[in-house]
Amino acid sequence: MEKSHVINFKSRLKGCLIYGAIGDSIGGKYEGTATNLVIDFSGDWSISDDTQLTLATCEAIFDSEKIRPEKVAARFLDWYNRGKLTGLGASTLKALRELQIGGHWALVGRSGDYAAGNGAAMRIAPLAFKRKMERHTIKDICTITHKNDEAYTGALAIYYAIVRAIDGDWMGGDNLIEKILDELPDTNVKDRLIELDQLKELTIAEIGLRYKATGYVVDSVPISIFAAQKINQIGIKEIFTELVKIGGDTDTTCSMTGQIIGSLIGDENVPSDWMNKFIGLGIKDSIDYLVGNWKE
Ligand SMILES: [Mg+2]
């Protein structure tokens, strides 16, 4: 990355959404398949809930400074009712079914250990592009689907990773984890991040041999942030390749890592082959509109 070049806020937001969708598409082709595959970036791309719920969140918050959880929940339900959500996890699905029959956003969804999925973290990114954000709002947005401290901390970790990129505090080096640790409550997510921070010399593949990248937020969020830290060393194509080879919840790990990296590098230099396939996803006009009318 060229460090002297200033990347503006809207380019970062667009980069976050585009690279998140690209990661979702690339990772989605290999979700749950065997490791050590030859990774093919061509072929058909399609997005899943990671991108869909991130865009639904954008729709709920883009035009006002204040974020209202009931509006976010209403957008989720709207996408669900129109059959536009694919690959939903159990906690999110439970919340949507309860919203559909009139449940209140603060009461629907899962709680307890089984709510510790990555479904809140995967869709939290747009909140990092709001300047006046309070922690209780982030928690409210998480709890619509996931009432669990690990799921919340995972979302908080993604949120702060993106904030550090937007603010220019993180420039693509292997110090992203240490720049967010102080913000996180004591949880298993934080403990895993501390472990990975001590293993920063290892490759993504080597981390993948020690830890899984399941849909459990303690597994997938820390490894996604760890992977983003490799951007200056190996580039985004190699990062996605290594994340796919680790296996597990690959659409979500690639999407979250893509969101963090996109927030760092912006949308100006998306590889042309990827851009063409991204356009084929049919969400470019919507993203252009949301970013163009975004209120910080
Ligand atoms: Mg998905």
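Q: How should Lys200 be read at 14% relative accessibility, as buried or exposed?

A: At 14% relative accessibility, Lys200 counts as buried, where buried means under 20% relative accessible area, exposed means over 50%, and partly exposed covers what lies in between, with a 1.4 Å probe and protein chains only. The model is a predicted one, in which local features need pLDDT of at least 70 and side-chain atom pairs count only at pLDDT 80 or more, while totals for chains, interfaces and linings use all residues. Residues are numbered from 1 along each chain as its sequence is written, and side-chain values use heavy atoms, with hydrogens and water left out.

Q: Which residue forms a salt bridge with Lys200?

A: In general, side chains of opposite charge can pair when their charged atoms come close. The criterion applied here is a side-chain nitrogen of Lys or Arg within 4 Å of a carboxyl oxygen of Asp or Glu. By that criterion Asp197 is the partner of Lys200, with the closest N and O atoms 3.6 Å apart. Asp197 is likewise buried, since its relative accessible area is 16%. Elsewhere, salt bridges that share partners join Arg135, Arg164, Asp169, Lys179 and Glu183 into one network.

Q: Where does Asp197 lie, and with what is it in contact?

A: Asp197 lies in helix α8, which covers residues 188-197; helices here are DSSP runs of H or I with at least four residues, strands are runs of E with at least two, and both are numbered from the N terminus. Contact means heavy atoms within 4.5 Å, and once neighbours within four places in sequence are left aside, Asp197 is in contact with Ile177 and Glu178. A backbone distance can be added to this picture, for the C-alpha atoms of Asp197 and Leu181, which are 16 residues apart along the chain, are separated by 9.7 Å.

Q: How many salt bridges does the whole structure hold, and which helices does the pair of Glu59 and Arg75 link?

A: The search of the whole structure finds 21 salt bridges. In one of them, Glu59 pairs with Arg75, the closest N and O atoms being 2.7 Å apart. That pair links distant parts of the chain, with Glu59 in helix α2 and Arg75 in helix α3 (residues 69-81), 16 residues apart. Glu59 counts as buried because its relative accessibility is 18%, whereas Arg75, at 24%, counts as partly exposed. A further salt bridge joins Lys139 to Asp149, with closest N and O atoms 3.8 Å apart. This pair also links distant parts of the chain, from Lys139 in helix α5 (residues 135-143) to Asp149 in helix α6 (residues 149-166), 10 residues apart. Lys139, with a relative accessible area of 35%, is partly exposed, and Asp149, with 49%, is partly exposed as well.

Q: Which residues are the protein donors of the magnesium ion?

A: A donor is an N, O or S atom within 2.8 Å of the metal (3.2 Å for Na, K and Ca), and a site may look incomplete because water is not among the atoms. The protein donors of the magnesium ion are Ser48 through OG and Asp49, Asp50 and Asp251 through OD, lying 2.0 to 2.4 Å from the ion. Along the sequence these donor residues are spaced S-D-D-x200-D. Asp49 is buried, with a relative accessible area of 4%, and Asp50 is buried too, with 0%.

Q: With which residues is Met122 in contact?

A: Met122 lies in the loop between β1 (110-111) and α5, and its relative accessible area of 3% makes it buried. Leaving aside neighbours within four places in sequence, Met122 is in contact with Asp49, Asp50, Leu53, Thr54, Thr252, Met256 and Gln259.

Q: At what angle do helix α1 and helix α13 pack?

A: Such an angle runs from 0 to 180 degrees between N-to-C directions, the axes being lines fitted to C-alpha atoms, for helices over the stretch in contact. Angles under 35 degrees count as roughly parallel, over 145 as roughly antiparallel, 65 to 115 as roughly perpendicular, and the rest as oblique. Helix α1 (residues 9-28) and helix α13 (residues 272-279) pack at about 85°, with their axes 10 Å apart, and they are therefore roughly perpendicular to each other. The contact is made by Ile18, Tyr19, Ala21, Ile22 and Ile26 of α1 together with Trp274, Met275 and Phe278 of α13.
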